[in-house]
Number of protein chains: 2
Amino acid sequence: MSKLKNDLFLRACKGKKIQRTPVWMMRQAGRYLPEYRAVRSQSDFITMCKTPELAAEVTIQPIDLIGVDAAILFSDILVIPMAMGMELEMVESKGPVFHKPIRTEEDAKSLSEVDVDKSLRYVLDAVELTKKELDNRVPLIGFSGSPWTLLTYMVEGKGSKNFSEAKKMIYNNPKLAHKILKKITKGVTNYLNAKIEAGCNAVQIFDTWGGILSQSEFFEFSHEYITQIISGLKRKDEPVIVFAKGVYYKLKRQIKCGADVLGLDWTMDIGRVRTRLGDKVALQGNLDPTVLYAGHDTIAKKALAVLESYGKGSGHIFNLGHGILPDVPPENAKFLVDFVKEASVDFHK
Amino acid sequence: MSKLKNDLFLRACKGKKIQRTPVWMMRQAGRYLPEYRAVRSQSDFITMCKTPELAAEVTIQPIDLIGVDAAILFSDILVIPMAMGMELEMVESKGPVFHKPIRTEEDAKSLSEVDVDKSLRYVLDAVELTKKELDNRVPLIGFSGSPWTLLTYMVEGKGSKNFSEAKKMIYNNPKLAHKILKKITKGVTNYLNAKIEAGCNAVQIFDTWGGILSQSEFFEFSHEYITQIISGLKRKDEPVIVFAKGVYYKLKRQIKCGADVLGLDWTMDIGRVRTRLGDKVALQGNLDPTVLYAGHDTIAKKALAVLESYGKGSGHIFNLGHGILPDVPPENAKFLVDFVKEASVDFHK
């Protein structure tokens, strides 16, 4: 950690004193960048994930082009179901599709344990290569989907509006759901441990679909497994960020999962959350991603509102409240990052 | 009101003493009923909305078949944009499409004022016919989309994932957004007043997309106009229900809109909301609609959990936390309604 030239992000995750608020953006290695699209035009999405040189290249693009304070390894949460033996197809305009979704006891038995060294070696190679090429400029974040979020994809087989199949499983066969979640949890734990060992300086768990559950189901089917993962991590000082989109409630219970940082979507009032949780965790977020469609004046105004809402002192990592959208002008992303770097200085005096 | 044979719903909206909790379901006049699909197979969706006999028929189906305690007039929130001159097409598998969405000052100028008597006479005829055929068995609810929710459809032109165009408008040209919202608000107010005058016993405002806004934008672009509508209603005793899906925050400020009833989605803790708001409003909701995919035991258990969470006394209208899904078995809907009718008696002793 001490070797890093810019460790603002890591210090903020631990609530340590810093000179300004660090900033990065979810999906920052993504389609809004012409340089990303140039790589993507030569190669399909899964191949990019599986080719360390390509993954490293697009991971580093936003560091060079946008100036963010942390890199996040280009990858996909669905590498875990793939490592469990599921065949993924990226269908243009439909998104990822598993042609054989997991619905029955039989299906669940067909899932293999995740052998990280064998099936996910390419991710670890990408971590090592990216670390080397980053040359300690900024920290590298590794990520995974939460077990519940991964289960929704594995059970639905494709994008879903109402998540009927995943919901049917938890209501009609909760034992089966728990069995699959346990298997995923073990795989994700090993996976994140391997990423940390390969050099990731922090990890983020994305619970993209935690918010479709009612409160008791969230704690039973999602939060419980996130907690198990975090307690199973072997880490020195690497912070864990949990981002459960749409899960706005029972925050004090939520942070019992052991996260160092709670990611907030843009519907949350970051100042109120800070008041509620005190200094128990750092907070990451939470500008509405669509603000980046606006002019620079509006971006500055809305970004300042987030900084003001959080208030003075450390413990805030500036981010969007969800991934950056593919049709955002890159100069607006750059403007936001520059603005936060400058305007946040006042909040650390 | 006194003429109604079953006025449980209306009494619950006002927090008056009742013998059991009333129950109805959003989208209860809908595709999950084979009897609805039989009507729909003879006629397209818009024609159903525009033909009072058909609208009345499907409105009454769930009263006869499922036994709910209130009817809600079959219609669509998009009748308002249509009455403002926008041409709607229902595209199979894509949903409703406006081929000429509203994006510019010019577009906004082309929107006409809503002339309810001229353009929406068919809705008022449907109300009158339905009231006649209901013969005072249960109350009739009329509804409208909120101005913000209507604006999203009018600006996007079709279903949307990120609501980029509507967000661009509020961030880049808030004045234009407010101008359109004012026009919609005037139309919706007149529309709901006409519905009440035609015989509706209550009205519900659906803010389906209030939850995509950050908090300050919700109050500025959605809540403000809901408040204006409610204050513009000419009513004797007809309650107003506001259902803003995903808007879980600042509840005390929310109820300042003047609603008698707050609708809750299934991610809310209805007991906590009641504790927070006291007896200032009644609450409607909030079973996860996907629970109706489960077996009867699970439906009973989860429905009881909602009743227990709300607790003893009046002021609760049992409902789902969102519309009933089209692939739910009708016998499960019937089971839920029967269960609530029976199990809720204990909560009113």
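This briefing covers the fold of chain A, one helix pair within it, and the relation between chains A and B. The model is predicted. Chain A holds 16 helices and nine strands. Chain B superposes on chain A with an RMSD of 0.0 Å.

**Overall shape of chain A**
- The radius of gyration is 19 Å, which agrees with the value near 20 Å for a compact globule of 349 residues.
- Along the principal axes, the C-alpha atoms fill a box of roughly 60 × 45 × 40 Å.
- Of the 349 residues in chain A, 51% are buried.
- Among contacts with a separation of 6 or more, 74% join residues 24 or more positions apart.

**Helix 11 against helix 12**
- Two packed helices are described by the angle between their axes and the distance between the axes.
- In chain A, helix 11 spans residues 174–198 and helix 12 spans residues 215–231.
- Their axes come within 9 Å and cross at roughly 30°.
- The crossing of helix 11 of chain A with helix 12 of chain A is right-handed.
- Helix 11 of chain A contributes A177(A), L181(A), T185(A), V188(A), T189(A) and L192(A) to the contact.
- Helix 12 of chain A answers with F221(A), Y225(A), Q228(A) and I229(A).
- By class, this contact has seven nonpolar, three polar and no charged residues.

**Chains A and B**
- A turn of 180° with a shift of 0.0 Å along the axis lays chain B on chain A.
- The two copies are thus related as by a two-fold rotation axis.
- The copies meet through the same surface, because 100% of the interface residues of chain B are also interface residues in chain A.

Definitions and conventions:
Residues numbered from 1 in each chain as written. Chains lettered and ligands numbered in written order. Predicted model: local features only at pLDDT ≥ 70, side-chain atom pairs only at ≥ 80, totals over all residues. Axes fitted to C-alpha atoms, helices over the stretch in contact; angles between N-to-C directions. Helix = DSSP H or I, 4+ residues; strand = E, 2+ residues; numbered from the N terminus. Left-handed = near helix turned anticlockwise from the far one by under 90°. Contact = placed C-beta atoms within 7 Å. Nonpolar A, V, L, I, M, F, W, Y, C, P; charged D, E, K, R; others polar. Rg over C-alpha atoms; globule rule 2.2 N^0.38 Å. Buried ≥ 20, exposed ≤ 12 C-beta atoms within 10 Å, placed from the backbone. Least-squares fit on C-alpha atoms with pLDDT ≥ 70 in both.
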